[in-house]
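Hi there,

Here is the structure I promised to pass on to you. My notes on it follow below, so have a look at the chain before you read on.

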Amino acid sequence: MIEVQNLTKKFNEKTVLDGISFQVKGSEVFGYLGPNGAGKTTTMRIILGLLKPTAGEALVWGQKVGESESLRRGIGVLLEQDGLYERLSAYENLDYYSQLYGVSNREQKIENLLEFVGLSDSKNDKVGEFSKGMKRKLGLARAIIHDPDILFLDEPSAGLAPEDQKMVRD
């Protein structure tokens, strides 16, 4: 499903990735671990087509994500920034993204996701008033609103309470 071959990325003269290679099979849960500054986020951004590699390539189902709109639509992403609009409510954020993805039965889907991440009681509150943990949970709901085939999570449990970290793992 995902194939990374000899991936190298340099920023100016600093080599951040040096010949990274791995494969992820369908239905596999893959954890990419390393210390801060090891290049985990850079690798993910290259796979997603947000950065160009200096050398090597990253393919999803044999294609480059940045070159395929249909492939991008089948991917859910939660990066370091949660991708939320702070002036909108939790419900309005999920409604906006569900419209972008053409989600059917939007209202029910949004209600179910808000319940799943424990934000039902805050659905009408502006996201700008949310704690870091609440934003992270809403960002996770946003990432899965369209039932993606592949889900990329960059430090998904950062800023979450232990019980919420378990929910993310589950």
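**What I found**

The protein chain has six helices and five strands. Please keep in mind that this is a predicted model. From the start of the sequence to its end, the elements come in the pattern β-β-α-β-α-β-α-α-α-β-α.

**Overall form**

For 170 residues, a compact globule would have a radius of gyration near 15 Å, and the 17 Å of the protein chain agrees with that. The C-alpha trace of the chain spans about 45 × 30 × 30 Å along its principal axes. Buried residues account for 42% of the 170. Of the contacts in the chain with a separation of 6 or more, 61% are between residues 24 or more positions apart.

On the outside, the chain exposes about 9900 Å², with 46% of it supplied by carbon and sulfur atoms. Its side chains include 22 positive and 25 negative ones, and the centres of these two sets lie 4 Å apart.

**Helix α3 and its neighbours**

I spent some time on helix α3, which covers residues 90–100. Its buried residues are Ala90, Tyr91, Asn93, Leu94, Asp95, Tyr97 and Ser98. Which helices do the buried residues of α3 pack against? They pack against α4 (106–116) and α5 (132–144). After α3 comes glycine 102, which has a positive phi, near 70°.

**Aromatic pairs**

Searching the whole structure turns up six aromatic pairs. One of them joins phenylalanine 22 and phenylalanine 30 in a stacked arrangement, at 4.8 Å centre to centre with 20° between the planes. Phenylalanine 22 is buried, because its relative accessible area of 14% is under the 20% cut-off. Phenylalanine 30, in contrast, is partly exposed, with a relative accessible area of 37%.

Another pair is formed by tyrosine 96 and tyrosine 97, and this one is edge-to-face: the centres are 5.3 Å apart and the planes are at 75°. Is tyrosine 97 buried or exposed? Tyrosine 97 counts as buried, at 13% relative accessibility, which fits with its place in the list of buried residues of α3. Its partner tyrosine 96 is partly exposed, with a relative accessible area of 35%.

Finally, back to the phenylalanines: ring pairs link Phe22, Phe30 and Tyr32 into a cluster.

Happy browsing, and do write back with any thoughts!

Best wishes

How values were computed. Residues numbered from 1 in each chain as written. Predicted model: local features only at pLDDT ≥ 70, side-chain atom pairs only at ≥ 80, totals over all residues. Heavy atoms only, no water. Helix = DSSP H or I, 4+ residues; strand = E, 2+ residues; numbered from the N terminus. Rg over C-alpha atoms; globule rule 2.2 N^0.38 Å. Buried < 20%, exposed > 50% of the residue type's maximum accessible area, 1.4 Å probe, protein only. Contact = heavy atoms within 4.5 Å. Areas by Shrake-Rupley, 256 points an atom, 1.4 Å probe, with all protein chains shown as cover. Lys, Arg positive; Asp, Glu negative; His and termini not counted. Charge placed at Lys NZ, Arg CZ, Asp CG, Glu CD. Phe/Tyr/Trp six-rings, centres within 6.5 Å; stacked < 30°, edge-to-face > 60°.
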